[in-house]
Amino acid sequence: MTEKFISIEGIAKRYPAPGGTTTVFENLWLSMSRGEFGCVIGHSGCGKTTVLNILAGLDEPSDGAVIVDGQAIEGTSLDRAVIFQSHALLPWRTVLGNVAYAVTSKWRNWDRAKVKAHAQKFIDLVGLTGSEHKRPSELSGGMKQRVGIARALSITPKIMLMDEPFSALDALTRGTLQDEVRRICLETGQTAFMITHDVDEAIYLADKIFLMTNGPGAVLAEIVENPLPKDRGRIDLHRHPYYYALRNHIVDFLVTRSKTFTSGNPGHDPRDVPVVRPGKPELVIASVSESSQQASWPGLSRPSTS
Amino acid sequence: MTFSLRFRAAIVSIVLFAAFLGIWHIATRSTSAVGNMSPEYAKLMGITATQGKSAMPGPLDVGAKLWEHVKRPFYDNGPNDKGLGIQLGYSIARVGLGYLLAVLVAIPLGFLIGMSPLISKALDPFIQVLKPISPLAWMPLALYTIKDSSISAIFVIFICSVWPMLLNTAFGVASVRKEWINVARTLEVGTIRRAFTVILPAAAPTILTGMRISIGIAWLVIVAAEMLVGGTGIGYFVWNEWNNLSITNVIIAILLIGIVGMLLDQVLARCARMVTFPE
């Protein structure tokens, strides 16, 4: 797991501004292994979308490089699929047409039947069987985003990039789609990189959570390793003894430390960002009073707080 | 008992039309002889003076004449007496040709302007100056260089319909949603394929709006252009009948110009609906 599948090496993004330049972030280093699910959390304006766009090749860093699977990226690529926040489906194409558009873009010499069969496979995977011939305007928000997911998956990308994919959906739909994405990623061993500001979404989905401080001049402050088991379920996630430790750690960061981090840590090395694994006894503060839940996690002893 | 809005609107339309015809009829009907005048003088003046008949034809005169035209739309009794079908045919053919040429120029050029900020900025002053020129102002120049009145009329149609299409195409292409472009970019779709599979369908409603404005303007301009160049066409027909002092025929021509213009607009409105997809 030490091999770096994605390696962001010292990227920066600066914009010319009246009276100088605005630095969104600088000297950002970040790496992920194959099959990992990474989530970036930070406040608006910290440049997380820019990081994702650079990773997608839609934007270029002012400095630094991004290496994916041993190769520096240059522009967009069919290896890196993007799921857009606003689904970005082509309204003049049907569900099948939208997915098939991606399929024919990747495999240009496939015949019609092969493209259709391949697209259908991914429409079935996201649970849209029967809606193939509907146009996006006939679909609900959740169904549209499912098409977006099917389109991204259909090109069998090395990495799936998601820019707050569920933020425009209602809570119930969001939950279902999170389940789907998690199931698909686990089944296919998909490497995924997601941007969110939903802490619970990050806890449920991510293996690694990247905490970014406030911009401008944002830095990657910490990498939080998710201590929850790989086979976690959304329903009893909050009963896990480490859950609140993890959640509080992230929320604390977002509420207070994201503002003060840069001034409070002058020795912060962007190349060697501290890795935190909340849930260790000394970090558990909040999960004191609930002792009745212990039985639902056999084999795990409650961390001591005394 | 309630009827649908459409039905009620139709009733109101028919009532208004009937009222219009009624007032028209009353205003232009013959009254009795205006008074005693010497028979010589009466002969000179005709029925207008002797029976109080208005010089303006009434709806019944126009209706009767229209029926004559409808029965024989394609007769040809020489250069000054052709059926209305033939005249309209000439006009539609000229508009069609000029408009088609304009489509062939405006849409590719509009695409280029919309996709390239450089070309957009470079061509902008030319477009800004050329656009407000009345198409008929080109007529003398066209007649002098082309030396053919019929082709000059087609050129005038071309020049008047090119601008709305050009500007709408450029605007539609330039304002294609960024995320659709990004979809194409992440899928590594080449420029040509992107233009046809993403930009063209996304800009199509705006392009068709431009085409619809253009056909309207072209149909307005053809009447004036044909009055100038003469020979054939509905515009020439109007002017010729004015010289013949046949107000009845002028009114019929006005009516037909309106109907053909409406049909042209409806055809393009239907096309626009076909390429517009709600999100």
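Leaving aside neighbours within four places in sequence, which residues is A:Gln178 in contact with? In this predicted model, the partners of A:Gln178 turn out to be A:Phe166, A:Asp198, A:Glu201, A:Tyr204, A:Leu205 and A:Arg234. A:Gln178 itself sits in helix 5 of chain A, the stretch that covers residues 171-188. Its relative accessibility comes out at 7%, and because buried means under 20%, A:Gln178 goes down as buried.

Zooming out to the whole of chain A, there are seven helices and eleven strands to look at. The chain has 306 residues, and a compact globule of that length would have a radius of gyration near 19 Å; chain A comes in at 20 Å, so the two agree. Taken along the principal axes, the box filled by the C-alpha atoms of chain A is roughly 65 × 60 × 35 Å. Buried residues make up 51% of the 306 in this chain. As for how the chain meets itself, take the contacts with a separation of 6 or more: 71% of these involve residues 24 or more positions apart.

On the outside, chain A shows an accessible surface of about 13500 Å², and carbon and sulfur atoms own 51% of that area. Then there are the charges: chain A carries 34 positive and 33 negative ones, and their mean positions lie 5 Å apart.

Now for the aromatic rings. Over all chains, the structure holds eight aromatic pairs. One of them brings together A:Trp92 and B:Trp180, with ring centres 5.3 Å apart and planes at 80 degrees; angles over 60 count as edge-to-face, so that is the label this pair gets. This pair crosses between chains: A:Trp92 belongs to the loop between strand 6 (80-83) and helix 2 (95-106) of chain A, while B:Trp180 belongs to helix 9 (residues 178-186) of chain B. Both A:Trp92 and B:Trp180 are buried.

A:Trp107 and A:Trp110 make another pair, this one with centres 4.5 Å apart and planes at 10 degrees, so these rings are stacked. A:Trp110 has a relative accessible area of 22%, which means that this residue counts as partly exposed. Over in chain B, one aromatic cluster is formed by B:Trp138, B:Phe155 and B:Phe158.

Note on methods: Residues numbered from 1 in each chain as written. Chains lettered and ligands numbered in written order. Predicted model: local features only at pLDDT ≥ 70, side-chain atom pairs only at ≥ 80, totals over all residues. Heavy atoms only, no water. Helix = DSSP H or I, 4+ residues; strand = E, 2+ residues; numbered from the N terminus. Buried < 20%, exposed > 50% of the residue type's maximum accessible area, 1.4 Å probe, protein only. Contact = heavy atoms within 4.5 Å. Rg over C-alpha atoms; globule rule 2.2 N^0.38 Å. Areas by Shrake-Rupley, 256 points an atom, 1.4 Å probe, with all protein chains shown as cover. Lys, Arg positive; Asp, Glu negative; His and termini not counted. Charge placed at Lys NZ, Arg CZ, Asp CG, Glu CD. Phe/Tyr/Trp six-rings, centres within 6.5 Å; stacked < 30°, edge-to-face > 60°.
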